[in-house]
Amino acid sequence: MAPSLSYKLSAVLSGHSSDARALAAQGNDLLVSGSHDGTGRIWKREGPNEFAQDNVLVGHKGAVRVVTIVPPTTDSPNGLVATGGADNVICLWDPTDFAQPAMKLTGHSGSISALAASCDGKTIVSGSWDSTAKVWVDGVCTHTLVGHQHTVWAVLVLDDGSVITGSADKSICLWVNGQIKQTFSGHTDCVRALALLPGGNRFASASNDTTVRIWSMDGKCQAVLHGHSSFIYALSVLPDGAIVSGGEDRTARVWKDGKLAHTIFVPSTSVWDIAALDNGDIACGTSDGLVRIFTRDKARAASAGDAVHFAEANAAFMMSKKTIQDFHPSMVRERDQLSSPGETNEQVIFVRSGSFVEVYQWEQDSGKWIQVGQVSDAAGQAAKKKFDGKEYDYVFDVDIQEGAPPLKLPFNATENPYTAAQKFLEKNGLSLEHLDTVADFITKNADGVTLGDSQQQSYADPFTGGSRYVPNQAANSSGAAGGYGDPFTGGNRYVPSGGGGGGGSASTDYVPPSEYVLSKQGNVSAIIKKLTEFNFLIAQDAAASPMAFEDAQMQSIKSMEALSDASFVVTEDMYKSLLHAALKWPKDKRFPALDLLRLVIVFSRLPALSQPEGKSLVECVGEAAGIFELPPNALAKQDEINLMMGVRALSNAFATKEGGDLVWADHAKIIEALEDSWMKTTNKNLVTAVSNLYLNLAIAATKKNDDDGGLNILSAASRFLNVTNSADAQLRLVNVFGVLSTKFQLCKDSARILGDTTIVILGINGGSDAVKDAAKQVGTFLSA
């Protein structure tokens, strides 16, 4: 049977509850996937166009970012499955027993971002957010490859044992015996993927700069492949040597002999990873949590029902012209073009359809144009219109009152509709309560101007997806609200302090905060009194009594009542006694110890310098407060309180250089752990504490001159800002945008995508005057 001229859907693998981030294939019949939902999954073929989930791998605390299959060895005759997670751990799984990892590889201090195995199965190489790669032989790290300045996103192992790494610092390095032998330069943005080509003497790389490059091992770039219109995240190689790439433009593309041979559209924002099967089929892991397999073999094509469903989803998928390479309104054709055949197989054309432009791909097998999407912001108008001496794409007539002349509403397609609506209402003395109505009018009448991607999804850093087109919505009511006193004794005898700083009206020209916001206030006497009370209760409990303070420890705690005195010195014994309560006491009695620890961190360098039992300050606080082990659903009250105290303690670590350095070194891990914490609580103080930590991290990014880290913080802050109605949190998060955007152009560009609409709305409907002032000024700066 002759193969299809185009790739067709073969199977859809559904099971993950979040982005299908990582893929690996073995032969024709087995796939391994990893997801932001924290699981790996094993899929086995059950028919020509059917795969079934065979096992779920649960071993990571956080997202599973990368997977690979390790070939069999004498010690592991069945081979291994390797998964790398946001918890900095690599899990190795025996295919005969997926109940728990057979081994865990630890050593990285950042999320695992790349994995590869040698052909003989003896060597595994990992890359990490910590800017290093590690070489593991028989489970032992033999080399740590230090040389990259940012995240190592891709790794390869060559037959001779040498290693190739690609990094967010835009460079590619060839390593021999732990040393850099060759550097490959040419990409102008992060290098995201690598693939070894047949013969072993060339490899391909892919980048956020939208190109695929072909390299010889001596450092020469042999070809640059252009075709993608956004970030490229993945590469794989088909059995015939063709290269497959996938990325942010919702396509997988097949390259043959240096030319684009096939383009596969998927109804999802991103193609995160790609795996080539031995039979030439292509598996794609996408941001909607699905794994889709495509084939040119008609015998493996999907059922008619699945094919129709896929076609309908593709046809309805909204895309922005920003994701279409070199798009221009002149490319849009009239509908009668669909009655003429395409010039080449898989040719793509744009066809006008009312206020939308539809995207069609010519399918030579069927002799039909197949709709593969809609462009919401492409219709445009041919001629500019003048109003008040300026040119605009549109000048609408708005009837406000019967019998009165209509008001003119000017608008440019590049303008934010909410900004235009606000200007219109203020200029004409109309109430801002009509803001949503006017913005909606603009959106509906300005040929589908894009306010944001219609797919409601959320993602990690520009190097894990954070700079994509994501929803920019007004804050809703799902944020935090309400506070509490002492939940165990009631009344006002001891209430954990609100902490954090406030904010006032900013000046006309936005000046970002440059000093860390610390939580220094607290009634030390009341905290110690509560510690004494809890210690008594613990001592009376037969099961818990061994954890009670000894007399010397209790005296150390009581002596800290003079903590705020300039001459007071925190001793090692005092700190160890405090950590004893924070780490060993029952969870429902830890909060006063954590509260006192928060203050000690401000007034003493000792917590940052000390490493009791080999644990850093971040590790101690994280363990005591449960920061790195948050439950997947709503937080219990005691967990809310402990988490709030722990987050405040991490914010206060910036009071000293040593403490700030420790928190910054683990900032990616902390942000990952706190993801969505604001959605799991109704505790106003916890929400404020998390937003305050984000602000301090943003300030730290500017002091460290780390735009990579800044983008990661910005991405998390945008998701937080879109859902919180806490005025205190809004103020801090708006300032996160301001702090990072005024320092880094890359962050400013991303901020315009991630939060422009939200900030405009907060400038009008923010939770306080301070929020409104800050949002207006940050919004003005972003639009400049």
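Two strands count as paired if DSSP finds at least two bridges between them. Keep that in mind for the first exercise; the model here is a predicted one.

**Exercise 1. Work out how strands E2 and E3 pair, and which strands stand at the edges of their sheet.**

Step 1: Check the pairing. E2 and strand E3 (residues 30-35) share six bridges, and the cut-off is at least two, so they pair. The sense is antiparallel.

Step 2: Pick out a residue pair. Ala24 sits opposite Val32 in E3.

Step 3: Zoom out to the sheet. Four strands make an open sheet, ordered E2-E3-E4-E5, with antiparallel pairing. Strand E2 (20-26) and strand E5 (50-57) each have a single partner strand, so they are the edges, and one side of each has no neighbour in the sheet. From one strand to the next, the twist averages 25°.

Step 4: Recall what holds such things together. Strands of a sheet pair through backbone hydrogen bonds, parallel or antiparallel.

**Exercise 2. Classify how helices H13 and H14 pack, and list the residues that make the contact.**

Step 1: Get the geometry. Helix H13 (residues 684-704) packs against helix H14 (residues 707-721) at an angle of about 155°, and their axes are 9 Å apart.

Step 2: Apply the cut-off. Angles over 145 degrees count as roughly antiparallel, so H13 is roughly antiparallel to H14. Their crossing is left-handed.

Step 3: Go through the contact. H13 brings Val687, Val690, Ser691, Tyr694, Leu697, Ala698 and Ala701. From H14 come Gly710, Ile713, Ala716, Ala717 and Phe720.

**Exercise 3. Decide whether Asn177 and Arg250, both with positive phi, are buried or exposed.**

Step 1: Look at the backbone. Asn177 isn't a glycine, yet its phi is positive, about 55°. Arg250 is another non-glycine residue with a positive phi, near 60°.

Step 2: Place them. Asn177 is in the loop between strand E16 (172-176) and strand E17 (179-184). Arg250 is in the loop between strand E23 (243-247) and strand E24 (251-256).

Step 3: Compare with the cut-offs, under 20% for buried and over 50% for exposed. Asn177 has a relative accessible area of 64%, so it is exposed. Arg250 has 2%, so it is buried.

**Exercise 4. Sum up the protein chain in a few numbers.**

Step 1: Count elements. The chain has 18 helices and 37 strands.

Step 2: Check burial and surface. Of the 784 residues, 57% are buried. The chain exposes about 31600 Å², with carbon and sulfur atoms supplying 48% of that.

Step 3: Look at contacts. Among those with a separation of 6 or more, 55% link residues 24 or more positions apart.

Definitions and conventions: Residues numbered from 1 in each chain as written. Predicted model: local features only at pLDDT ≥ 70, side-chain atom pairs only at ≥ 80, totals over all residues. Heavy atoms only, no water. Helix = DSSP H or I, 4+ residues; strand = E, 2+ residues; numbered from the N terminus. Buried < 20%, exposed > 50% of the residue type's maximum accessible area, 1.4 Å probe, protein only. Axes fitted to C-alpha atoms, helices over the stretch in contact; angles between N-to-C directions. Contact = heavy atoms within 4.5 Å. Areas by Shrake-Rupley, 256 points an atom, 1.4 Å probe, with all protein chains shown as cover. Parallel < 35°, antiparallel > 145°, perpendicular 65-115°, else oblique. Left-handed = near helix turned anticlockwise from the far one by under 90°.
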